[in-house]
Structure formats: structure tokens, C-alpha cells
Amino acid sequence: MSTKIKINSQIFQDSNNIYYPKDEVEVSDLIRELYKQDSPTVIIGNNSKSFIGNKTQSANTTSLSKISGIIDYRPEELYIKVKACTPINEIEQVLSENNQELAFEPIDFGYINEGKSNKGTIAGYLSCNYAGSRRFKVGSVRDHILGFKGVNGKGDIIKSGGTVVKNVTGYDLSKLIAGSFGTLVALTEITLKVLPKKDSSKTVIIYPSNFEQIYDFFNKLSSSSSEISGAVFVPEQSKDKDFVTKKNSVFKFNDLKSNVSFIAFRVEGDKISIEEKINNLKKELKLSNSEISILDVYQSEPFWKKVNNLQVFEKTEHNLIRMVIPPANGSKLCKYLENNHNYFVDWCGSLFWIEVNSKKEEKIKDLKKMAKDFGGYLTVIKTSSEYDYGEAIFTVDKVRLMISEKVKQSFDPKRILNPGKMYRGV
Amino acid sequence: MSEIALPKIDSSILNRKSEIVKKLSKLTNIENVLSEADELRPYETDALSVYTQTPLAVVLPENTEEVSEILKFCHSENIKVVPRGAGTGLSGGALPLQDAILLGLGKFNKILEIDYENKCVVTQPGVTNLGITHAVQNKRFYYAPDPSSQLACSIGGNVAENSGGVHSLKYGTTTNNILGVQMVMMDGTICRFGGKSFDQEGYDLMGLICGSEGLLGVVTEVTVKILKTPEVVRAALIGFPSIKEGGDAASEIISSGIVPAGMEIMDKALIEATDNFSKAGYPRDAELLLIVELDGTESEVNELIKKVEVICKKNNCSSLKLSNSEKERLSFWAGRKAAFPACGAMAPDYYCMDGSIPRGKLAEALLEIKKLSKKYELPVANCFHAGDGNLHPLIMFDGNDKEQLRKTEEFGSEILKTCVRLGGVITGEHGVGIEKRELMCEMFNDNDIQQQLSIKKSLDEKNLLNPGKVYPILRKCAEEGRVHVHKNKDKFPDLPRF
């Protein structure tokens with residue numbers, strides 16, 4: 001941490017020289033000063049997800065963690081407006097008291113990083129845009145952002161969107177900010193769409209015999225009028241004893257055989273319609289002669305938390321990859337991954353979480369090629385200690401990189417905010 | 001109304017017309033370039049027909065490479081370009097400019113791939129919104145966003161405007177229902193954002209393009225998500241003795257945890273107008289009519305209908321009718337869908353407004369509009385997408401009476417300002433275009449607008465693509481803009497407008 005830069009302001013700085021602006025005006029003052037001095041800054045919230053993205057060093061570090069608290073929660077309007085670094089736990093708690101939730105099901109990345117819960121802040125989560133298991137049904141994080149306020153790289157306070165769901169006034173910058181890893185604005189305020197919690201849930205477990213059957217099930221599930229809100233495949237992977245042990249301990253439920261491959265799908269709603277949907281789906285999937293088991297609500301809820309929080313990869317020291325592909329290519333990818341890498345499949349066949357079976361990064365190149373060939377992309381979410389960043393963490397093509405540079409330039413012409421966090425030059 | 005500030009005309013471009021037309025004819029099939037006065041006339045306006053401009057020429061390319069070559073040429077020669085889909089937009093986003101090429105995407109009218117396994121359709125932008133649903137409905141799939149002009153509006157236009165519709169509360173607008181786009185930038189660069197997989201990594205450029213009103217690029221291919229048709233759809237038709245009770249019921253339905261597929265409100269003036277027009281059998285004694293549509297599995301829908309019934313009775317509804325067949329459900333909608341033509345039959349002219357407000361402010365907004373109606377001595381009929389707070393007041397007036405026209409403009413402007421004051425926005429789904437351009441500063445300050453203009457500049461440095469739209473030219477908050485329909489001569493009279 002450098003002390004070269006003399007910032008002419010009263011903004012609190014701790015012993016590590018991290019700045020802690022307490023409101024948007026202080027963020028604006030600070031960034032305006034850094035802009036004048038051409039001095040970039042790392043932007044952090046509660047640091048729960050700072051391991052994701054490129055490792056960067058800047059002359060300064062700015063923590064937005066003091067910009068926290070609920071500004072306006074209107075359950076009847078289905079929105080909550082919060083200061084940007086409000087902890088997700090706090091938001092979920094308040095929503096839960098009104099039987100509402102963040103439908104995109106935030107992932108708790110604390111487990112893969114530290115082996116315990118650490119959900120971090122909403123600004124951090126929005127900056128990553130990684131939705132949980134319900135994504136294929138309800139949309140991603142970006143689909144739940146109604147508006148924001150923040151400070152661009154010149155120190156200007158800007159806003160976009162509002163609190164209403166229907167709004168086409170000007171460019172939809174909320175989308176652009178989602179997944180921008182703090183490289184466009186330092187967020188100060190976020191308005192989120194919230195939705196009612198479903199009355200109850202049940203999870204049906206089926207035990208497929210081959211990869212074609214898995215994807216046949218996924219296809220039928222996503223084609224049904226009896227909507228599901230979660231569908232995962234967890235493979236047997238019998239050769240890796242450690243993984244099997246981990247898997248058995250994470251997915252230890254009375255009504256689940258975790259030592260073999262299984263598909264789990266979740267049905268939510270009122271109790272009568274849950275039964276109706278399960279019966280419909282049993283017929284559509286032709287399960288009358290197959291072994292199935294059902295997790296009641298008391299097993300179903302913790303089961304999805306464990307899936308969503310990637311607990312099967314708790315504290316992994318390997319490279320952990322998030323790959324998203326069109327589901328039609330999923331069975332081919334499963335075949336490749338079998339006995340090569342540990343993995344599981346979420347989003348009804350689209351999202352692959354892959355723990356690369358080596359600390360070295362060379363295998364990532366193969367996986368990246370595969371992701372591109374299959375029409376998708378991959379991100380290295382957590383890197384091993386031996387990762388030397390020879391292979392980029394993100395997937396981007398030349399044209400998109402060129403446009404990204406232009407967009408970055410329009411928000412942050414001197415590259416003050418989190419430079420290099422996503423791509424070199426951005 | 002028919003005078004509006006447009007970008008300064010570059011006379012050197014006008015002088016080079018024949019040379020430019022000649023060059024364009026080499027970049028696409030010669031028949032695809034229109035330059036004679038009678039050929040240009042159909043392209044002089046979009047559905048905001050009060051404004052007309054004759055373009056320099058119209059060019060109708062047939063593939064992405066041609067679009068790229070045309071834009072590259074225009075970029076190097078500093079020729080402005082206005083993209084156009086089906087021309088059904090209500091905010092003047094496709095209004096031509098005299099010194100600009102009008103780039104029509106009408107020949108991009110093919111569906112390229114139907115991919116049931118990945119639940120998506122890859123289509124050219126000129127295909128109509130409803131055309132996508134028609135292509136997949138035999139397997140009981142559909143494309144969710146349903147703007148009222150879906151019969152004619154193109155999917156490329158939907159992307160440009162981020163179109164919504166009656167069902168957007170539950171299923172989202174265009175931005176929530178597309179997976180990828182191919183786009184050509186003003187300098188001719190062809191780019192692809194997203195594809196058949198969920199989300200994008202990096203900056204969500206598709207999210208930026210969607211709703212950018214043709215200012216950042218020309219979309220030449222769209223990949224949309226398709227959904228399975230719900231097993232059961234039922235609607236309830238509920239009358240209320242007062243605006244407040246109906247507004248409160250609508251608000252309570254949402255806050256109780258029900259997410260209806262659609263929820264519409266009509267006031268007394270519109271109940272009468274539409275019932276006269278379409279014989280929908282609406283309760284004429286009601287001050288306010290609520291249509292609630294629910295979808296899902298059979299027991300799910302029945303359960304939700306029961307809850308809606310309880311809430312409406314608690315709020316003193318005066319009548320409640322449930323649809324017991326698909327035919328009956330459609331009859332409930334018949335009046336609502338005839339709202340615009342019904343108003344057209346009642347007065348020589350009407351203005352359609354498009355603002356959004358928080359749902360809980362519906363009653364307040366309606367009462368305020370009623371007060372304004374008295375103040376300006378002009379009748380108004382109101383329809384709302386109540387589920388998402390999107391209101392479409394229709395002000396009736398006689399355009400031949402200049403004083404009435406002036407009062408109507410003032411009235412409309414006050415309504416939009418009321419929306420902003422109540423915590424809403426100046427456009428929910430029609431777009432800014434030229435229509436609400438000068439009202440942008442009601443919502444945004446200089447910093448906000450400068451940031452948006454910087455994005456525009458970064459992707460279109462010379463400001464050649466659809467200039468003069470969305471952002472104020474004169475940087476003043478003039479009070480203008482609304483959809484003006486004279487003698488019921490909507491540019492697209494057959495399209496239902498809701």
C-alpha cells in the first residue's frame with residue numbers, strides 16, 4: 001500500500017491506508033481527487049469475493065463497507081433500496097420477515113474460500129452477477145436490479161433506472177454495471193426487485209443410468225408446463241475417494257442416496273400444486289418404474305443451500321471453474337469430465353461447476369476451448385496457489401474486448417477504478 | 001406539435017444525393033435502394049405520425065455483411081443513418097432525417113433456427129414478435145413479451161425499445177427474454193453478444209443495446225428464449241365502486257404474494273367507451289374495472305383465483321366474474337384491447353401518455369389525473385398495466401382547436417411530471433425517441449445525461465447513428481411529446497394498442 005498520494009480530504013483511512021468513505025459525497029470527493037492525480041484504486045466491499053477476478057495492485061484501496069444500511073423497503077411495491085455495501089444477510093433477513101426474498105438465490109462464496117458462510121455485500125454480489133440455482137427460471141442478478149447510484153471514474157455521481165419495473169428511460173445502465181467487477185462505477189446505492197417466497201418446496205431425486213438419460217430428463221423438465229425452480233446433476237465420481245467422502249457428507253439426507261449419481265429437481269408453490277406438479281412430472285419423465293425419492297421441505301431447503309453454496313468444493317485448493325453452455329451440449333461435456341475432474345451441473349443442465357483435477361492451469365486451456373466450441377464461456381472463480389495467470393481468468397473475444405475498452409473509457413477514462421480486474425487495459 | 005428541433009442538416013450531404021445513392025446501389029441489390037419521392041413517402045414517419053421527414057434515401061439490405069458495408073461507407077463519408085424495424089414505434093425513434101439514410105431491416109424476415117433443446121429461437125430482426133410465437137406454438141411454446149402491436153412490430157424493434165406488454169410483470173420485458181444479439185456498429189464492425197447460453201461474462205453489452213433505441217448499433221440477429229405455454233390460464237373481471245377501493249385491491253394482490261400473469265385497470269370513462277365499442281359486457285356501474293389473469297397448473301390457478309376473490313371482496317368489489325372457458329377469457333380482454341380505438345370514436349383526437357408509477361400510487365395518480373381533467377376541461381380515459389404501474393391515460397381533444405391542443409399538451413406534461421413526483425418515470429414502454437426527449441431532464445441531472453452521452457460517443461464517435469433521438473438537443477425541458485392520433489387515423493389502425 002502506497003502513501004505517496006496525498007488526498008486532500010477528511011476521509012477516514014485505517015492503518016493499512018485503506019480509505020473508508022462514509023457516503024456518496026465522500027466517494028465522489030475521493031475519486032475526483034484520484035482522477036486529478038492519475039492514481040488508481042482497488043474497490044472493495046467486505047472483501048468476501050475479492051479472490052474472484054485478476055489479482056490487481058493499485059496505489060490505493062477504497063473500501064465502500066461503511067456505505068451500508070437499508071434506505072427504503074416497500075414490500076407491497078416489491079422493491080428494496082439499500083446502500084451499496086449492505087450485507088446480503090441483512091437484506092435477506094428483512095425480506096424474510098415479510099415473506100419475501102431475492103429470487104436469484106445469492107450464492108454464498110464463503111464456503112469455497114474459507115469453509116464457512118460469508119455472503120458479503122449486495123454491491124459485491126451485483127458486481128459479479130453470479131445467480132444461484134433458480135437462475136434458469138427467474139433470471140440472473142442483472143434481471144433483478146431496478147436502479148443504482150454510484151460514482152464514475154471521474155468522480156461524478158451518476159444514477160440510472162428507478163424503483164419501478166417498467167422503465168425504458170435512457171440506456172439501461174443497471175445491466176452494464178452487473179458483472180462489471182467494480183471497473184465502471186463505485187456503487188453507492190442499489191434498488192432490487194424482490195419477490196414473494198413460495199409457500200413450500202419439495203425436491204424429487206432420480207437416479208439416471210447414463211449421460212443421455214440425464215439430459216433427456218433435463219430437457220423434459222425444462223419443457224414442462226409444471227415449472228420447476230431448480231435442477232442439478234451430481235455425478236458418482238467413484239474414483240476420487242476424497243470427493244466421494246465429501247459428497248456423501250455434504251449431501252447426507254435421510255431420503256437421498258448420495259453415493260451414486262443423482263438428479264435433484266425442486267418444485268415450489270402451495271402444497272396442493274406441488275403435489276400436482278410432481279405427479280405431472282413423474283408422468284412426463286416416465287418415472288413410474290424408476291427408483292425415486294422425495295425430500296420434504298425440511299430436507300429440500302438445506303439441500304439447495306448446500307448446492308447453491310458449492311459446499312461440495314469447500315475450501316478447494318484447486319482451480320475452480322464456472323462454465324455456462326447451452327444445455328444441448330451438456331451430455332458431451334459430462335462425458336469428458338467423468339473421471340477427469342470433479343464437477344456438478346446446475347441450472348437444469350447449463351451451469352457446470354468444475355474443480356480442475358490439478359493445481360496447474362494447463363488443463364484450463366482445454367476446458368476453455370471446449371466451452372467456446374459448445375457456444376458458452378468459462379470463468380476461473382478460484383485459482384490455485386500455482387496459477388500464474390498465463391491463461392486468462394475470463395473468456396472474451398477481440399471484438400468484445402475492443403468494445404469493453406470503449407465502454408470503460410466512457411465511465412473511467414483514466415482507469416482509476418479497479419484497473420485490470422477483468423481484462424488487461426480495462 | 002409538428003415542429004421539433006432536429007440535428008442541423010448537412011447540406012453537403014443533400015448535394016451529394018445522387019452520388020450517395022449510386023454508391024449504395026453497389027453495396028446491395030439495386031432494387032433495395034429507394035430514392036424517388038414516391039418511394040420515400042411510406043418511410044416518412046413511424047407510428048408517431050404527427051412528425052414527418054423525408055429521408056435522403058431508403059436502403060433495405062438483405063444480410064449482415066451488406067449492413068456492415070453500408071454503415072462503413074456512411075461512417076467514412078459522415079452520412080447519418082436512422083435504423084428502422086417495422087415502424088410501429090410510438091415515440092418517433094425511427095423518424096427519418098433529411099440528410100440521413102433510412103436503414104430498413106424489413107428484408108431480415110426469416111427465422112433462422114428453432115432450437116427446442118436449448119429453448120430458443122434464432123431469428124432475423126425483421127420477423128414480427130407474434131411470428132416467433134406462431135413458429136413454436138405447435139409444440140406449445142411461446143415468446144413471452146407481448147407488446148400490443150405484436151402482430152406487426154419486429155423483434156429487432158423490440159430489442160431497440162426493450163418492449164414490454166401485458167405480461168411483463170411475471171415474465172419480464174425484452175431484455176429479460178433474449179439470450180444473444182448480433183449487431184453492427186456504426187463503423188461497420190460486426191459483433192456478437194451472448195448466444196444460446198444464459199448470461200454473459202464481462203460487461204453485459206446485450207443489456208446495454210437492449211432499449212438503446214437504435215443509437216448504439218444495428219441489430220441483425222436475435223436469439224430469444226421461448227417458454228412452455230402454461231397449462232391453465234384464467235382471468236377475473238372485477239368491478240369496484242370507487243377508484244380508491246380498486247387501486248387498493250390491485251396493490252394488495254401484489255403485496256399478498258400473488259404474481260399475476262397480467263393485471264389491468266380501466267376507469268369509468270374507458271369502461272363505457274370500450275363497452276360501447278366492443279360490447280365486452282363490462283360492469284357499467286363500476287367506477288373502476290380490474291382484469292386479473294393468472295396462469296400455471298390447474299390447482300395453482302384455482303388457489304390463486306380464490307385469493308384474488310377474497311382480496312377483492314375485502315375491498316368492496318361490486319362485481320366479480322371468473323372466466324370459465326378460453327372464449328370467455330378472451331372476451332374479458334376484448335374491451336381492454338379496444339381501448340385506443342374506442343377513444344378514437346369518442347373524440348376527433350387523443351393523446352396517449354406512457355408513464356410508470358409505483359403500484360401503490362395508482363389511486364393517487366388516477367385521482368390527480370381526474371383533477372387535472374377538470375382543470376383543463378378535457379375528458380380523459382385511463383388504462384393501466386396495474387401489475388407494473390405502467391399507465392396510459394388517453395386525453396381526448398379536438399386538434400383543429402389550437403387552444404385545446406395547447407391545453408392538451410400542458411395536461412399531458414403535467415401527467416408525466418406527476419409520474420416522476422410519485423416516484424415513477426416518464427416512459428414505461430414506448431421509449432423516449434423524439435417524443436419525450438425534452439422531458440429527460442425531469443428524471444436525470446447533467447451528470448446522468450453526460451454519462452449516457454459518453455457511452456454513445458464511445459461507440460459512435462461521430463454521432464451518426466440515429467442522432468437527435470432520446471437526448472435533448474437544446475438541453476431544455478420543453479413541455480412536449482405524447483402520441484397524437486387524429487380522427488382515429490393511427491398509422492396502424494388495426495393494431496390493438498394497450
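This section describes selected helices, the contact between chains A and B, and several individual residues in a predicted model.

Helix α1 of chain A covers residues 24-36. At 1.5 Å a residue, its 13 residues should span 18 Å, and the end C-alpha atoms are indeed 18 Å apart. Its buried residues are A:Glu24, A:Glu26, A:Val27, A:Ser28, A:Leu30, A:Ile31, A:Leu34 and A:Tyr35. These buried residues of α1(A) pack against six strands of chain A, namely β1 (18-19), β2 (41-44), β3 (60-63), β7 (145-152), β8 and β9 (185-193). Just after α1(A), A:Asp38 adopts a positive phi of about 55 degrees.

Helix α10 of chain A, formed by residues 297-308, has twelve residues. The distance from its first C-alpha to its last is 16 Å, close to the 16 Å expected at 1.5 Å a residue. Burial in α10(A) involves A:Ser300, A:Phe303, A:Trp304, A:Val307 and A:Asn308. Viewed down the axis of α10(A), these buried residues fall within an arc of 125 degrees, so they line one face of the helix. An α-helix has 3.6 residues a turn, so residues three or four places apart point the same way. The cover over the buried residues of α10(A) includes the chain A strands β11 (200-206), β12 (230-234), β13 (262-269), β14 (292-295) and β16 (342-346). A positive phi of about 55 degrees is found at A:Leu310, just after α10(A).

In helix α11 of chain A (residues 330-337), the residues A:Gly330, A:Leu333, A:Cys334 and A:Leu337 are buried. They cover an arc of only 105 degrees around the axis, which puts them on the same side of α11(A). The buried residues of α11(A) pack against α7, β16, β17 (351-355) and α12 (362-373) of chain A. Following α11(A), A:Asn339 has a positive phi, near 60 degrees.

The contact between the two chains takes 72 residues from chain A and 72 residues from chain B. On the side of chain A that touches chain B, at least two residues each are supplied by α5 (135-138), β8 (157-161), α6 (173-177), β10 (195-196), α7 (211-222), α9 (271-284), β18 (377-382) and α13 (398-411). The largest share of this side, eight residues, comes from α13(A). By residue class, the side of chain A that touches chain B divides into 27 nonpolar, 30 polar and 15 charged residues.

Two packed helices are described by the angle between their axes and the distance between the axes. The axes of α13(A) and helix α17 of chain B (residues 446-459) come within 8 Å and cross at roughly 145 degrees. The crossing of α13(A) with α17(B) is right-handed. From α13(A), the residues making the contact are A:Lys406, A:Val407, A:Gln409 and A:Ser410, and from α17(B) they are B:Ser454, B:Ile455, B:Lys457, B:Ser458 and B:Leu459. The residues of this contact comprise three nonpolar, four polar and two charged.

Two buried positions were examined individually. A:Val234 is placed in strand β12 of chain A, and it counts as buried because 22 C-beta neighbours lie inside 10 Å. Apart from its neighbours within four places in sequence, A:Val234 is in contact with A:Lys247, A:Phe251, A:Ser261, A:Phe262 and A:Phe344. A:Ser180, 54 residues away from A:Val234 along the chain, has its C-alpha atom 30 Å from that of A:Val234. B:Ala347 is placed in the loop between α13 (339-346) and β16 (349-352) of chain B and counts as buried, with 21 C-beta neighbours inside 10 Å. Leaving aside neighbours within four places in sequence, the contacts of B:Ala347 are with B:Met396, B:Phe397 and B:Asp398. B:Ala347 and B:Gly399 are 52 residues apart in sequence, and their C-alpha atoms are 9.7 Å apart in space.

Most residues other than glycine have a negative phi. A:Asn99, although not a glycine, has a positive phi of about 60 degrees. A:Asn99 lies in the loop between α2 (88-97) and β6 (100-101) of chain A and counts as partly exposed, with 13 C-beta neighbours inside 10 Å. A:Asn418, also not a glycine, has a positive phi of about 45 degrees. A:Asn418 is found in the segment after α13 of chain A and counts as buried, with 27 C-beta neighbours inside 10 Å.

Methods
Residues numbered from 1 in each chain as written. Chains lettered and ligands numbered in written order. Predicted model: local features only at pLDDT ≥ 70, side-chain atom pairs only at ≥ 80, totals over all residues. Helix = DSSP H or I, 4+ residues; strand = E, 2+ residues; numbered from the N terminus. Expected span 1.5 Å × (residues − 1). Buried ≥ 20, exposed ≤ 12 C-beta atoms within 10 Å, placed from the backbone. Arc of directions from axis to C-beta. Contact = placed C-beta atoms within 7 Å. Nonpolar A, V, L, I, M, F, W, Y, C, P; charged D, E, K, R; others polar. Axes fitted to C-alpha atoms, helices over the stretch in contact; angles between N-to-C directions. Left-handed = near helix turned anticlockwise from the far one by under 90°.
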